[in-house]
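I opened a notebook for this structure and jotted down what I looked up, entry by entry. Here are my notes for anyone meeting it for the same purpose.

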Amino acid sequence: MIQYVVSGPTRLYGECRVQGAKNSALPVLAASLLAQGESVFGRIPAISDVDATLEILKSLGCRIRFENGEARVDAADAAGTEIPDALMRELRSSVIFLGAILARFGSVRLSMPGGCEIGQRPIDLHLHAMRKLGAAVDDAGGRIVCTAPGGLTGADIRLSFPSVGATENVMIAAATAKGTTTVYNAAREPEISDLADCLNGMGASITGAGESTIVIEGVKKLRPARHTVLPDRIVAGTLLSAAAMTGGEITLRHVVPAHLGPVVEVLEQAGCRVESDLHTLHLVSPRRLRAVGHVRTMPYPGFPTDLQAIVTAALCTAAGTSVVTETIFESRFRYIGELTRFGAVIRTDGRMAVIEGVERLTPTGVAAPDLRGGAALLLAALAADGESVIANGELIERGYEDPAATFGALGAGIKREVCCENRGCENCGGGSEADA
Ligand code: UD1
């Protein structure tokens, strides 16, 4: 178990280069399975979701090397068609392998991806799409078996919701299907366009990514990829929000400002000054943020659900009352109970949170309920006056590369501690081992 010990309050100040995007890295790594040779990916973040994705590729027979942000995946000898249950549970987005394994081997077996973290996360849209592409799908008893021994065939696929993962699965599966696939109501997130760029670099023929209709002309085979992933807009939004909440000033390098439009808009409403050029964002925050109008999460280009918890945390100390509504996932407010332990005043009503800004937060001990909820708690701890401890820090590390180093370089007092249940620690009964 990992815990983060944070000594606040900190005014975040300085410059930071933003890591590569988790939500681009996972699908492009899965897509590498389609090429019989070594693919090379740049700016892959060192986070545990990437580690789990590489483990899945290894379990399928790929040779892997990952150092200094470069991941090499040699899928020439890949042979497996089944993802072990333990790995499916570890990584909720493991379902992204469905299309890749099916397209390469004509069959795939997996268990339902792990339980409830931020909502039910059903995969009916993924399975519907695979059926449309001609696969036989059996999903009885929590196990999923898809077969298409004669290969997949292009089809018109209309998604009832612009699911990011289902859109990606179709793009990967249809890249080598016979004929043309058209996806209507496709997700438009930047990571969809990044995956299309990667697949097109491998020889696929995909147009319309980033728009609601994507057309995939199936090609016979794909060559290995050489691709560098996008900057992580959610990590960038987290750093901007952290600087805003702590009265700080921050320059982010290696970002795509256009991908951060909705969060920048909210932070500007809250009183921050934000300037941008091609790959840089500079934020100067006021001494205290002010409350903002209604923030509602929406599919891209709307306000991202992955920044909902983070912006809610930032608004906890804003002057006035803010309202945040979550429309994408049904149970993404689990962190709110923990935020109130810092003295935040938040009422929830279904999918709506009403935040009465308080002047200051008090330090406390909390547990991260999930990745982004954990990051929200980290923000609160940075603003609180004294030492806070965030348990379940390993959940934060699913998506943030070395948080202690990132926030430490911006002036935060933050320490990562490994609590060993065998030897025990303060949480689990004895000493603790400092690790950063
Ligand atoms: C991806 C992102 C995640 C982000 C989310 C929404 C990755 C690895 N993860 O997750 O960080 O929060 O997009 O922007 O890229 N749904 C169904 N049936 C399905 C699939 C989805 O009902 O078959 C529902 C989900 O329950 C949810 C909504 O659609 O309510 C959005 O899910 P989706 O866009 O698929 O999210 P993910 O791809 O899982």
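**Entry: a three-stranded sheet**

I started with β6 and strand β8 (residues 143-147), which run antiparallel and are joined by five bridges. This is a predicted model, in which local features need pLDDT of at least 70 and side-chain atom pairs count only at pLDDT 80 or more, while totals for chains, interfaces and linings use all residues. Residues are numbered from 1 along each chain as its sequence is written, and side-chain values use heavy atoms, with hydrogens and water left out. For the names, helices (H or I, at least four residues) and strands (E, at least two) are DSSP runs, numbered from the N terminus.

I picked one bridge to look at: Val108 has Cys146 in β8 as its bridge partner. I then looked at the whole sheet, which is open, has three strands in the order β6-β8-β7 and is paired antiparallel. Two strands pair here if DSSP finds at least two bridges between them. Its edge strands, each pairing on one side only, are β6 (107-111) and β7 (136-138). From one strand to the next, the twist averages 10 degrees.

Which helix packs on this sheet? I found helix α4 (residues 97-105), which touches β6 and β8 and whose direction makes about 150 degrees with that of β6. Axes are lines fitted to C-alpha atoms, for helices over the stretch in contact, and angles run from 0 to 180 degrees between N-to-C directions. Contact means heavy atoms within 4.5 Å.

**Entry: a four-stranded sheet**

Next I turned to an open sheet of four strands, with the order β2-β14-β16-β15 and mixed pairing. Here β2 (13-17) and β15 (273-277) are the edge strands, each pairing on one side only. I noted an average turn of 10 degrees between neighbouring strands, direction ignored.

I followed β15 into strand β16 (residues 280-284): the two run antiparallel and share five bridges. A hairpin of two residues connects β15 to β16. Among the bridges, Asp277 is partnered with Thr280 of β16, and Ser276 with Leu281 of β16. I also reminded myself that side chains in a regular strand alternate between the two faces of the sheet.

Helix α8 (residues 233-245) lies across β2, β14 (249-253) and β16, and runs at about 165 degrees to β14.

**Entry: two helices side by side**

How do the axes of α5 and α6 cross? I read that helix α5 (residues 124-132) and helix α6 (residues 164-174) have axes that come within 8 Å and cross at roughly 25 degrees. That makes α5 roughly parallel to α6 (angles under 35 degrees count as roughly parallel). Their crossing is right-handed, meaning that the near helix is turned clockwise from the far one by less than a right angle.

I listed who makes the contact: Leu125, His126, Ala129 and Met130 from α5, with Gly165, Ala166, Asn169, Val170 and Ala173 from α6. These residues divide into six nonpolar, three polar and no charged. In this sorting, Ala, Val, Leu, Ile, Met, Phe, Trp, Tyr, Cys and Pro count as nonpolar, Asp, Glu, Lys and Arg as charged, and the others, Gly among them, as polar.

**Entry: buried places**

I checked how enclosed α10 (308-315) is. Eight of its eight residues are buried, so α10 is largely enclosed by the rest of the structure. Buried means under 20% relative accessible area, exposed over 50%, and partly exposed in between (1.4 Å probe, protein chains only). The buried residues of α10 include Gln308, Ile310 and Leu315.

Is Thr53 of helix α2 (residues 48-59) buried or exposed? I found it buried, at 0% relative accessibility. Apart from neighbours within four places in sequence, Thr53 is in contact with Leu26, Leu29, Leu91 and Phe97.

**Entry: backbone details in the loops**

I noted a cis peptide bond between Gly8 and Pro9, with omega about -5 degrees; Pro9 is in the loop between β1 (2-8) and β2. Another cis bond runs from Tyr300 to Pro301, with omega near 10 degrees, and Pro301 lies in the loop between β17 (295-296) and α10.

Asn185, a residue other than glycine, has a positive phi, near 60 degrees. Asn185 sits in the loop between β10 (180-184) and α7 (190-201) and is partly exposed, with a relative accessible area of 32%.

Conventions
Angles under 35 degrees count as roughly parallel, over 145 as roughly antiparallel, 65 to 115 as roughly perpendicular and the rest as oblique.
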